[in-house]
Every structure is written in structure tokens, then in C-alpha cells.
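Welcome, and please open your viewer. The stops below tell you what to select next and what to look for once you are there.

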Amino acid sequence: MAKRTFSSFEIFLIFLLVITTGITVALLSLLFITSGTIENHTGFPSTQGPPATQSPPATQGSAAPQNSTPSRGPTTTQASPTPSTPEPTLFQNFSGYHIGVGRADCTGQVSDINLMGYAKTGQYARGILTRLYSRAFIMAEPDGSNRIVFVSIDIGMVSQRLRLEVLSRLQNKYGSLYRRDNVILSGTHTHSGPAGYFQYTTFVIASEGFSNRTFEYMVTGIVESVEIAHKNMKPGKIFINKGTVDGAQINRSPTSYLWNPQSERARYSSNTDKEMVLLKMVDLNGEELGLISWFAIHPVSMKNTNHLVNSDNVGYASYLFEQEKNKGYLPGEGPYVAAFASSNLGDVSPNVLGPQCTNTGESCDNANSSCPIGGPSMCVAMGPGQDMFESTQIIGRIIYDKAKELYESASQEVTGPLASAHQWVNMTDVTVWLNSTHTVKTCKPALGYSFAAGTIDGFGTVSFTQGMTEGDSFWDTLRDQVLGKPSEEIKECHKPKPVLLQTGELLNPHPWHPDIVDVQIVTLGFLAITAIPGEFTTMSGRRLRQAVREEFEAYGMLNMTVVISGLCNVYTHYITTYEEYQAQRYEAASTIYGPHTLSAYIQLFRVLAKAIATDTVANLSSGPKPPFFEELMSPLIPNIVDRAPEGTTFGDVLLPANTIYRVTHQTFLTVEKYEATSATWQIMHNDASWETRFYWHKGSLGLSNATIQWHIPDTAQPGTYRIKYFGHSRKQDLLKPAVLLSFESTPSVFEVTTTW
């Protein structure tokens, strides 16, 4: 074998990696915080505070608590303290369900924090395109005896710590009404939401620390959305519809998909799941309450070059639907709630033009996603638009259009009892029965080499490619020196995956990956919602749905509709089929419990389905409770005070608006319109509007400035407009705690007209 040589650039990268790793290990040992006791303030505020979520438009809402103390342990489900909130009056003599919907802001920080999803160093939040929301739906039987809660949240994924804290607070307020078995928390998987709300070390490192501030905003928003739904419960009906969505997705690992048996692939017309399942909710008077839609799409229309917090393509679909139904309300306000939830999106991309070499324009749709010139780093999937903003809106509108069609034609009513089943499972030690005589086991978590390669939606690290089935002596040696050698047991268990990081054997300062994982099913009549703790690929989702449906049928529950609800309750990366695992592309390398992970989940979900079908849920073991770590690493991004440039003060206008603008497809800015008849300023847009963009530019030594853009739509009414900016600055006197000071700014007014 030829001696390996490195270019000067590669030597620099290796040196940088060693130094960075050393610093990271040191920080992991030294930089801890007690969660809830130290406020993770940054130079710029997390948000202007969640706006009133379901009330008439207001200029500004109250901020989430800045110094709250999270619960000290995981939720238990047996204790039943007296609820502090009175139960809504329930009417028992009707056909249907009690339905409650609620939406609340959970945006968190919009600066000085990593964005969660791409795990790209330097992709910090620097402003906001849209706010992030938690959307809650409560369904209860007429007599109130059984109920289920589904919450779709505009975040990358639900962390175990987040779920445990939410359940704890719901239990403190409602007793045993909302529990681990009947509450599903599902992340939409936007890659443009803040990170920093995880407790396992792999994700803490990717987040560059734990942010109690963002964690608190998320928990508060989720709980508030459930509270709103609880208070708004009323008798109603639910209708279901299904349909095919075309033009919104491609399979980003088609060569892996081809490893599945041809006989199995022949049963399907596409290598992605194109079906959308939609629930329409109305009260008994026909008043529209909300919708939940499940569709397999990766919210990565916004690229890893983006720095604006936003909800990506599925969030834009929610935005369009809620704006249509909540006439006269600003975005994020009004009673109607529309959730576009995640599904088996693991190998699904919205960048429908496919992977292309950015330097030559040729296709790089191959097993290694590599270009002849430049290698994998040049291979990037392209969206349908001219830029990521346009691509986000195009894909979001396709999803919205199909949902609107299905919603308007939905006529099949959902009827039947409600049920729920949940278990905590040690996923590192599941015995899987392949047949009546042969068993296999799941593995302790590990990440493969191709995990570091990333995907065509976001390339990872230099020197790694997708499809790596052999390790590299250089990186193996470096890993062994820094983290220790992986055991022969873990290497053997994960074959053919070459182990890059033996995360299941790394325990300091906390375990690097979860051992204890949630599995959960709730049923609403003939609808079964399977809450999966990760990203299932297309065929993995199909196999799980089929298995759960067959299990229900075996015990008398016929014609069940089974939906996959993705990224629920705890995050465990990807789940591929056994055959796809052999190809070791990104998704397989990120299947952390080994080649039989999917088979283990299918077996576990069958147990839940059987328990519901045979009415033996009470006999299920709850399983081992997951941990709730108290001390987590503080953010690595430094907190510094804000300073206004010399000769200026906070709120000064640096670049005034022009005196007149014309309605056009070009981009400009505003917030309020003057109404002469009432001599008042009417809010037309807020920072949740897709027409506005807020950029925060952090300079050196605490010097910063903000840019507000209004992309004026051709529907804008002529008149007098103004921008109004509400901001905060961080101040810290010697030996005193840092404080945030508010200020506001109103530039000169300008006119919008149809002609010059």
C-alpha cells in the first residue's frame, strides 16, 4: 500500500482538528452549568417575546421567563396531584370528539446560537425570517374518559430532555390527564431553528453547548400550546382524507433504495412516499378549528448557508393555511391552527432538481455523491427556485395546495374510541427474532464514517464520502488517541459499518447517545399514529406501517390507517432497512443501533399495537426511565456586552427609508400602515411574516446593527408606511449581573404607491 501523503492544506486541517478536539474535551470536562440556575444570555435577545397567540393583533407580547428552574427528574405517570386548572365542561350526548387546538410561540434565540440540523460549524443564527410555533391538538371521547394529545413543533427534533420537562410541567398542572403514553411531541425537522436544548453529549457538542434560555422558550411554548388547546376544547368532528403530492420531493439516496428487494420495490410506484394524510377538525356547528397533515419531506429548502431562524417549507405551508383561515390576524395569531407534521423523511429531499456538481453542472447522482472534479464537496442538490427563499416557498405552496384540496373534499368521518400505548426501551439491548429459531441483537450506539460526509442537502467534512464501508487508518488512529479505541464487540455488531465514533462507549461528561428510547402509538378510531424517535427512510416507514397494520388486523382491528409521525419524543438519528444499511450512505452510517435497528422497532411497535387491539395496555411494562441530566456544558459562543458605535445610540436609524416605493416584485421593507380615518398606525406585518426579514449583524467588540427588509407583495395597498423596530441591548457593569435593556426605533415614514 502506498504511503499516504498530505497537502499543506490537509496538514493544517488535521492540526486544527486535533487542537479543536483537545479544546472540546477540556471544555466538556470544565464548562458545566446547573440547568435553570444560570441564565444563558447572549448579546442579542432571544426574541421580542412570544406574541399573543390566539387573540386580536398586538404590537408586542410578553417574553418567556428568563430564570426558571427545570424539573429535577423525569416525568412519572402514576402520581395524580390535584389539577390547578378547571376541566372544561364536557357534553356527553353527541357523536364525535371533544377537540381543542392551540398555538404558541417557541422561537428561542435568534442570535449567538447554532442552528440545529446541519451541524455545521459557524452556522449561527443572525436574525429571523419567521417565528417558530408549537401547535397542539387535543382529542377526547365524549365522556372525557380517554384523550390524546398531538403536538407538532417548529424545531429540528424533540430532545429527550425537552419531552421530560414538558411532561413534568403538564403533570404538575393537570395531574394524570396528560401523560407519557397519550402525549406525542413531534418536531417538524426544520434545519433553521435554534440548537442548544439537548442533554446527550453528541448533540451538545453539535450545538456548541446547552442554552437554558432557548430550552426554556421551547418548553414554555409547548406547554402553553397545550394549555390553550385544553381551554378551547369543544364538541366537534374529525374528517380524514388522503392524496398524492407530486413535484415536491426526490429520494436523496436512490442507490441505497435499490438495495431493497426488487419484489418489494415493485409494490410501489415511487422511491419516496408521496401520500399525504390529513385530518380536518370542525366543531358541531361546522366552524373550522384546524388540521394536521403528515407528509414525508425534509425541511431543508433553506440551505446550510442560511442564518435566519425560520420554519422552512412545511412552516410556509402552515403559514399559508393559517393566514387564509385567520383573516384579519397577523401571522401566529387567530384561532385556526394548521400543522404540517413530519413523517418518514429520512431519505427524502425537497431539492427536486437533484444533485449537481456546482463547478460543472453535471449530475452527481451516484453511490458516493461525488463529482469527477472536486469530489463530494461539489455535489449539492438544487431546489426548484432561483434561491433558497424561493425554493422554500415553491415547495411549501405545493404542500399547501394539496392540503387545501384534501381539506375541502374531506368527507370520511373518523369515529371510534381513543387509546394510547407507550414504553421506554433500552435500544442497545433488544433481542430481535428473525424467525422462530434465530435471533440477533441491537448494538450500543455508533456512528459510521459516512456520517461525517453529510448529504447532498448539506455536505459534511473533508476526506469523507458517502458509501464508505472501510475505515481509514489515519482517522482511526486520531480517534483512538483522543477518545479511546472502540471495542471489538461494537465494531463487530455494526458491520459492515466502519465505526468512526463509538458513542455508546463514550460516557463523559454524559452519555453521548441515548440508551433509553420512547416507542408510542395512539389510536383515534381507525387511525393509528406511530410516534417514531428518529428519521425513518421511505422503505423503513413502509415496512413499519405494514407491520403495525397487520398486527391490528390479527387481533380484529381491520382497515386501520397507520401514519408515521417523525422525530418524536427523543432523537436517535436515522433508521434504514437492513438492505440499505449495507450500502452505508449517510442514512445508514447514522443508524446508531446497528443493522437490525428497524427490525427491533417493528417488533416493539407490534407489541404496542397488540396491546391496544387486545385492550391489555395496562399490562405493558413502562420500561426503564430515561435520565434527566442536571449539569450541562455552557454555550461556547462568548457573551459580550453590546455597544453603540461612537456618536450613536441604540435605536438610531443608520439608513433611512426612501420617500416613496412602488408595488413590485422586488424586495423592500415595512411593518405599519397609517390609517387616516382613525389617525392610527395599523400593523400589517410582523417578524413572523414571510414578507419580512430581520438580519442582526454582530460586529467586533460588541458593535452591531440590524437590518429590516420588507419584500413588498403586489397585493400591498398604497399608503403611508413606517418601520418600527423593538430591540434589546446587553449591559453589564463591573461585578454586577448582566441585564437586557429594551429600546425601540421608528425611522421616517414613506409612501407605497402603484406608480412613480
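## A residue in a loop

Begin by selecting threonine 130, which sits in the loop between strand E4 (124–128) and strand E5 (133–140). Before going further, note that this is a predicted model. Is threonine 130 buried or exposed? Its relative accessible area is 2%, so threonine 130 counts as buried, the cut-off for that label being under 20%. Now show what surrounds it. Leaving out neighbours within four places in sequence, threonine 130 is in contact with Val309, Asn310, Ser311, Asp687, Ala688 and Trp690. For one of these, Ser311, there is a polar detail to display: the threonine 130 side chain reaches the backbone nitrogen of serine 311 at 3.2 Å.

## Along E5 into E6

Next, follow E5 to its partner. E5 and E6 pair in the antiparallel sense over seven bridges, and alanine 140 stands opposite arginine 147 in E6. Six residues lie between the two strands of this hairpin, and glycine 144 takes a positive phi near 75 degrees there.

Select strand E6 itself, residues 147–153. How many of its seven residues are buried? The count is seven of seven, so the strand is mostly covered. Colour the side chains by direction: Arg147, Val149, Val151 and Ile153 point one way, while Ile148, Phe150 and Ser152 point the other way, and all are buried.

E6 also pairs with strand E7 (residues 183–187), this time running parallel, through five bridges. To find the register, pick valine 151, whose bridge partner in E7 is leucine 185.

## Strand E9 and its partners

Move on to E9, and add its partners one at a time.

- Strand E2 (residues 97–105) pairs with E9 in the antiparallel sense over three bridges; tyrosine 97 stands opposite glycine 236.
- E11 is joined to E9 by nine bridges, and the two run antiparallel; lysine 237 stands opposite valine 282 in E11.
- Strand E17 (residues 412–413) pairs with E9 in the antiparallel sense over two bridges; phenylalanine 239 stands opposite glutamate 413.

## Helix H8

Keep E9 and E11 on screen and add helix H8, residues 388–409. This helix has 22 residues and spans 32 Å from its first C-alpha to its last, close to the 32 Å expected at 1.5 Å a residue.

Look at the N-terminal end of H8, which aspartate 387 caps: one of its side-chain oxygens lies 3.1 Å from the backbone nitrogen of phenylalanine 389.

Which residues of H8 are buried? They are Met388, Phe389, Ser391, Thr392, Ile395, Gly396, Ile399, Tyr400, Lys402, Ala403, Leu406 and Tyr407. When you read the spacing in that list, recall that an α-helix has 3.6 residues a turn, so residues three or four places apart point the same way. The elements covering the buried residues of H8 include strand E9 (234–244), strand E11 (275–283), strand E12 (288–294), helix H7 (312–325), strand E13 (337–341) and strand E34 (692–698).

## A four-stranded sheet

Now show E18, E25, E26 and E28 together. They form an open sheet in the order E18-E25-E26-E28, with mixed pairing. Its edge strands are E18 (418–426) and E28 (561–565), each of which pairs on one side only. From one strand to the next, the twist averages 15 degrees.

Zoom in on E18 and strand E25 (residues 516–524): they run antiparallel and are joined by nine bridges. Histidine 422 stands opposite glutamine 520 in E25.

Two helices are worth adding here. Helix H2 (residues 160–174) packs on the sheet, touching E18 and E25, and its direction makes about 55 degrees with that of E25. Helix H14 (residues 597–613) lies across E18, E25 and strand E26 (527–531), running at about 40 degrees to E25.

## Tyrosine 725, then the whole chain

Select tyrosine 725, in strand E37 (residues 725–731). Its relative accessibility is 15%, so tyrosine 725 counts as buried. Draw a distance to phenylalanine 743, which is 18 residues away along the chain: the two C-alpha atoms are separated by 8.4 Å.

Finally, zoom out. The chain has 14 helices and 39 strands, and 58% of its 756 residues count as buried. Among contacts with a separation of 6 or more, 79% are between residues 24 or more positions apart. About 29,100 Å² of the chain is exposed, with carbon and sulfur atoms supplying 53% of it.

Technical notes:
Residues are numbered from 1 along each chain as its sequence is written. This is a predicted model: local features need pLDDT of at least 70, side-chain atom pairs count only at pLDDT 80 or more; totals for chains, interfaces and linings use all residues. Side-chain values use heavy atoms; hydrogens and water are left out. Two strands pair if DSSP finds at least two bridges between them. Axes are lines fitted to C-alpha atoms, for helices over the stretch in contact, and angles run from 0 to 180 degrees between N-to-C directions. Contact means heavy atoms within 4.5 Å. The expected span of a helix is 1.5 Å times one less than its number of residues. Buried means under 20% relative accessible area, exposed over 50%, partly exposed in between (1.4 Å probe, protein chains only). A polar contact is a pair of N or O atoms within 3.5 Å; within protein, one must be able to donate a hydrogen and the other to accept it, and residues adjacent in sequence count only if both atoms are side-chain atoms. Accessible areas come from the Shrake-Rupley method with a 1.4 Å probe; for residues, only the protein chains shown count as cover.
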